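The following exercises introduce a structure step by step. Each one sets a task and then works through a solution.

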Amino acid sequence: MGRKNYFKLLSLSIAVAVLPFFIRGDYYLSVLVFMGLNGLIVMGLSLLMGYAGQISLGHAAFYGIGAYCTGVLTTHFGFSIYLSFLAGIILSVLVAIIVGIPALRLKGHYLAVATLGIGEIVFIIFNEWMKYTGGPSGLSNIPGVHLGNFQFNSSFRFYYLVWGINLLALFFSLNLIHSRVGRALRSMHGSETAASAMGVNLSFLKIQVFVLSAVYASVAGSLYAHFVSFISPNNFGLMVSVMFLMMGVIGGIHNIWGALLGASLLTFLPEYLRVFNQYDILVYGAILLAILLFMPEGILEGTPVLIRKLFRQRKT
Amino acid sequence: MDLQSQIVQYLVTGLTLGSIYAMVGLGFTIIYNATGIINLAQGEFVMFGGLIMVFLTATLRIPMFLAFFITLALVTVIGIIYERVFINPLKQTSLITLIIVTVAVSIFFRGIAMFIWGKNPYSLPPFSSGKPIMFAGAAILPQIFWVLGLSLLTVILMNLFFNRTITGKAMSACAGNRLAASLMGINVSKMILLSFALSATLGAIAGASITPIALMEYDRGPLLALKGFCAAVLGGLGLGTGAVVAGFIIGIIESFSAGFISSGFKDAIALIILILVLFIKPSGIFGSEEVGKVKQF
Amino acid sequence: MKKFFLVFLAIVLFLFGLIGPLSAAEPIKIGFVASITGGASFLGEPEKNTALMVQEWINKAGGVNGRPIEIIIEDSKSGASEAVLATKKLIEKDQVVVIIGSSTSGESMAMANICEKAQIPMVSMAAASQIVTPADEYKRIVGSPNAAFEVPKVQRPWIFKTPQTDTLAVEAIYAYMKKKGISKVGIITVSDGFGSSGQAELRRLAKKYGITLVADEVYGPKDSDMSAQLTRIRAAGAYAVINWSVGPVQAIVTKNWKALAMSIPLFQSHGFGSKQYITLAGGAAEGVICPLGRLVVWEQLPKNHPQYAILSKYAQEYEKQFKAEVSTFGGHGYDAIYMVVDAMKKVGTDKTKIRDYLENTIKNWPGTGGIFNMSPADHTGLDHTAFQMITVFNGDWVIAK
């Protein structure tokens with residue numbers, strides 16, 4: 001995966017490791033936990049969008065499947081944490097395969113439509129299957145995560161758990177991108193026809209990436225459920241799916257680091273905009289639009305370009 | 001209450017819902033065909049249509065008939081500004097980014113609407129007064145005839161426009177193949193602008209006509225956009241009647257599933273049918289296979 | 001690569017730098033979380049207004065034992081995650097003494113877990129009984145063969161709430177129906193926290209009043225038409241419809257009910273407590289019956305009613321200051337704030353003492369929602385007398401006969 005990326009990953013890991021010692025309070029740590037969770041999901045989406053050229057309008061469904069699987073299994077059936085995490089992953093993989101195989105065999109926008117539909121159907125099931133999911137009132141009292149006797153019962157500990165998993169996923173994703181599969185994926189994004197002429201099995205690759213992104217989302221969902229200890233269908237609706245896409249695009253979809261950046265930024269932005277009180281939706285929309293207008297490639301690639309542009313203008 | 005009058009009632013409800021989905025769906029296809037963009041701010045045109053109509057009639061006391069046309073004009077201008085400011089400068093950008101731009105626009109529009117109208121819902125008096133009409137044991141509001149009539153009229157006008165006028169034919173050409181159209185001397189940029197204007201007008205008609213039945217508030221847009229999008233896809237994303245018929249079908253399925261199966265799962269049933277249709281006939285019910293091959297996302 | 005770090009660093013520094021250091025100031029801080037924007041903004045808006053107004057009143061009157069109060073208002077955007085973050089921010093960054101909020105049941109349940117853990121008193125402004133009842137206790141009640149006659153025996157120690165529980169609202173409606181001889185009922189509920197909690201109570205308590213539910217329908221919180229569900233209820237042969245929702249959809253159900261020319265009465269939940277809905281429904285709301293707190297009919301109360309003084313002051317001042325009709329939702333915020341301020345006046349700012357005071361000493365305490373009598377087995381403190389059956393007549397509220 002190249003020395004550059006190793007160096008980046010190492011630096012990020014160190015930054016992640018020391019950051020909690022500079023931040024006081026559970027609130028900021030919680031924000032960082034949410035950043036890590038969103039980052040994990042958007043990373044998967046970035047692989048799907050940036051490398052497989054596909055768009056999913058229903059990733060909140062996988063997020064929700066992860067959350068509800070672990071929530072329902074631990075509270076109603078006394079499953080252990082590990083088993084319920086695994087169940088969430090397996091169910092997500094199954095759903096991803098069922099949706100992905102027919103949708104990805106076809107060229108074009110079918111995955112977007114199919115995921116949109118699945119996202120809504122899953123949302124409705126969370127709402128209606130009240131016996132287990134608690135319906136719209138949500139499911140509460142989900143137990144915390146533990147590893148043997150070690151309880152992840154504070155935001156401080158949970159922060160390390162989430163970011164540890166996040167960094168592992170990042171490591172895996174970077175390796176994937178720079179492997180043979182990754183090269184095939186990139187060639188596919190360039191030109192599907194050329195890639196398939198070179199003997200790349202497109203739909204199989206696309207399904208693999210889609211399933212991987214579903215797994216990332218499911219793990220994030222399980223972690224979310226245990227962290228907040230309360231879940232309700234509203235956390236997993238269409239607007240959440242769209243927000244994940246937005247994070248990816250704002251950060252820069254052609255770069256997995258951009259995904260992480262976009263997720264972090266858009267998780268923090270609403271918190272920061274609290275000063276605007278109720279008009280934050282207006283400011284929020286305006287900021288997003290400004291970023292997209294001036295840096296359509298995303299912040300990661302757009303900032304240097306924009307700065308150079310500004311300088312050049314000043315000189316002339 | 002006997003079965004027949006129940007069925008008539010569900011049909012009426014389905015047609016009312018369906019005509020809204022149809023108009024939103026038609027708006028989607030017009031922009032999609034000109035640009036390839038799925039405009040997720042389509043629902044906000046509907047919202048603006050309803051709320052501007054309320055502002056004109058309730059606050060400025062402009063007569064209903066006049067206010068309706070002013071509403072259409074204003075929302076069309078919103079559509080034009082939208083295209084010029086946010087879509088036109090981003091010609092070089094990938095489609096995914098453009099779709100996300102439409103999401104950002106929809107958030108921004110909702111912000112503006114909240115700023116102007118606040119968060120409360122608003123109501124409008126019906127276009128013509130009168131008691132519900134009893135037909136075969138079912139009750140039908142006079143406003144429903146307005147909604148249905150206006151949507152049918154719109155569809156007919158749209159069809160005439162696309163098939164009989166030079167501009168309309170030029171737009172259809174863009175839909176078929178943008179590159180070829182521009183080589184034939186069609187001003188594609190102008191066509192894109194026109195598509196946003198038209199689609200905004202359609203949204204405004206839908207918004208102004210349903211507000212007397214269903215009220216309107218600043219954040220109603222996304223759900224309407226979702227249903228309209230389903231209609232557009234089910235209809236094959238082509239110009240013409242596909243999205244309209246699909247819109248009515250979705251409305252009717254929804255209303256009958258709520259009536260006979262389960263009101264909780266009514267949306268799920270409509271969506272499952274959508275997905276099944278797509279997997280069996282990927283070009284949608286009314287899309288042609290050939291056009292489907294040219295389309296991308 | 002360098003650019004990546006520069007961008008990353010710049011953003012992190014920018015965001016954290018602007019937040020400012022933690023500080024402990026002189027005024028007593030009260031955290032207030034409400035759904036000011038988003039789907040439940042019709043609740044959060046009047047609550048926020050009330051908080052601003054009441055803060056001014058209390059501080060003008062000398063604050064709490066000489067110290068002013070500062071109500072720090074946070075918007076939960078009608079979402080559980082946002083409510084959780086806002087609560088954590090209030091507890092840690094602002095170091096508030098108590099938390100009031102949030103407007104909806106779902107958010108309140110998410111917040112309750114945090115407040116329990118942090119051992120900080122929380123007073124919710126949402127209705128569902130599950131907010132104050134421990135999950136196990138709630139399960140016991142629902143699972144019991146005699147569910148219709150059960151009441152909770154324990155409550156979550158740190159959690160209180162001011163709105164009348166949906167249990168009481170359901171009992172008020174059912175008692176009224178029993179009096180009128182209505183036995184077959186169709187219910188229609190919205191699929192959100194408020195609606196599903198109401199649906200559960202409607203199902204559970206029907207037996208106690210000899211009522212049969214012949215239809216049980218739901219709809220989405222942003223749906224535009226519920227005619228199909230109402231038609232189904234009519235076809236099932238119900239003698240009355242009960243709708244359970246808050247917000248604009250209530251007005252749509254009312255309009256649909258009228259448009260279908262249904263000859264059976266429409267009952268609404270206590271969520272109908274804002275005159276705005278009567279206006280929105282046009283003429284359709286005439287004859288709708290609902291259980292409401294006395295706030296909306298304060299002018300029709302006798303002057304010596306224990307709630308009269310509070311209600312008349314609150315309603316008149318609110319309407320004067322915000323040029324909007326007073327609603328029972330804002331009243332829930334009023335009760336919550338005054339309850340904790342009363343506690344702080346007596347026992348200071350110790351969290352445990354405030355909790356004990358709320359649980360044991362709030363007795364015969366008149367608020368906008370009713371006369372409160374808290375106890376370890378009841379953290380709502382209201383009984384059926386909190387409700388008045390009210391009907392809409394000539395576009396106004398009238399006490400139903």
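**Exercise 1: The largest pocket**

Task: Determine which element gives the most to the lining of the largest pocket, and describe the pocket as a whole.

Solution. Step 1. The element is α7(C), with seven residues in the lining of the largest pocket. The model is a predicted one.

Step 2. The volume of the largest pocket is about 870 Å³. Its lining comprises 30 residues, and those closest to the centre are M130(A), G134(A), Q130(C), Y138(C) and K139(C).

Step 3. Two or more lining residues come from each of α3 (59–76) and α6 (130–133) in chain A, and from each of α5 (135–143) and α7 (193–205) in chain C.

Step 4. By character, the lining of the largest pocket has 10 nonpolar, 13 polar and seven charged residues.

**Exercise 2: A five-stranded sheet in chain C**

Task: State the strand order of the open sheet of five strands in chain C, and identify its edge strands.

Solution. Step 1. The order is β2-β1-β3-β4-β5 (chain C), and the pairing is parallel.

Step 2. β2 and β5 (159–161) of chain C each pair on one side only, and these are the edge strands. From one strand to the next, the twist averages 25 degrees.

Step 3. At one end of the order, β1(C) and β2(C) are joined in parallel by seven bridges. Within this pairing, I30(C) has I71(C) of β2(C) as its bridge partner.

Step 4. Strand β4 (residues 122–124) of chain C pairs with β5(C) in the parallel sense through three bridges. Here M122(C) is placed opposite I159(C) of β5(C).

Step 5. A helix is now added to the picture: α3(C) lies across β1 (28–34), β2 and β3 (98–101) of chain C, and runs at about 175 degrees to β1(C).

**Exercise 3: Two covered strands**

Task: Establish how many residues of β1(C) are buried and how many of β8(C), and state which way the residues point in β1(C) and in β8(C).

Solution. Step 1. In a regular strand, side chains alternate between the two faces of the sheet.

Step 2. In β1(C), seven of seven residues are buried. I28(C), I30(C), F32(C) and A34(C) point one way, while K29(C), G31(C) and V33(C) point the other way.

Step 3. In strand β8 (residues 240–244) of chain C, five of five residues are buried. A240(C), I242(C) and W244(C) point one way from β8(C), and V241(C) and N243(C) point the other way.

Step 4. The partners of β8(C) can then be listed. Strand β6 (residues 184–190) of chain C runs parallel to β8(C) and is joined to it by five bridges, with I188(C) opposite N243(C). Strand β9 (residues 266–268) of chain C pairs with β8(C) in parallel over three bridges, and L266(C) in β9(C) is the bridge partner of V241(C).

**Exercise 4: Individual residues**

Task: Decide whether S30(A) is buried or exposed, and do likewise for N113(C), S78(C) and Q42(B); then list their contacts.

Solution. Step 1. The cut-off is needed at the outset: a residue is buried when its relative accessible area is under 20%.

Step 2. S30(A) belongs to helix α2 (residues 26–51) of chain A. Its relative accessibility is 0%, so S30(A) is buried. Beyond neighbours within four places in sequence, S30(A) contacts S155(A), F227(A), L85(C) and K88(C).

Step 3. N113(C) is part of helix α4 (residues 105–118) of chain C. N113(C) has a relative accessible area of 13% and is therefore buried. Apart from residues up to four places away in sequence, N113(C) touches S140(A), N141(A), V228(A), S229(A), F230(A) and R156(C).

Step 4. S78(C) occupies the loop between β2 (69–75) and α3 (80–92) of chain C. With 17% relative accessibility, S78(C) is also buried. Among the residues it touches, beyond those up to four places away in sequence, are S35(C), T37(C) and E107(C). The C-alpha atoms of S78(C) and G106(C) are 9.0 Å apart, although 28 residues separate them in sequence.

Step 5. Q42(B) lies in helix α2 (residues 42–59) of chain B and is buried, at 0% relative accessibility. Leaving out neighbours within four places in sequence, Q42(B) contacts V24(B), G27(B), F28(B), I31(B) and S199(B). G228(B) is 186 residues away from Q42(B) along the chain, with 8.5 Å between their C-alpha atoms.

Definitions and conventions. Residues are numbered from 1 along each chain as its sequence is written. Chains are lettered from A and ligands numbered from 1 in the order in which they are written. This is a predicted model: local features need pLDDT of at least 70, side-chain atom pairs count only at pLDDT 80 or more; totals for chains, interfaces and linings use all residues. Side-chain values use heavy atoms; hydrogens and water are left out. Helices (H or I, at least four residues) and strands (E, at least two) are DSSP runs, numbered from the N terminus. Buried means under 20% relative accessible area, exposed over 50%, partly exposed in between (1.4 Å probe, protein chains only). Contact means heavy atoms within 4.5 Å. On a 1 Å grid over the protein atoms alone, a cavity is a set of points where a 1.4 Å probe fits but cannot get out, and a pocket is an open set with protein on both sides within 12 Å along at least five of seven lines; lining residues have an atom within 4 Å of a point. Grid points are joined across faces, edges and corners, and a volume is the space filled by probe spheres set on the points. Ala, Val, Leu, Ile, Met, Phe, Trp, Tyr, Cys and Pro count as nonpolar, Asp, Glu, Lys and Arg as charged, and the others, Gly among them, as polar. Two strands pair if DSSP finds at least two bridges between them. Axes are lines fitted to C-alpha atoms, for helices over the stretch in contact, and angles run from 0 to 180 degrees between N-to-C directions.
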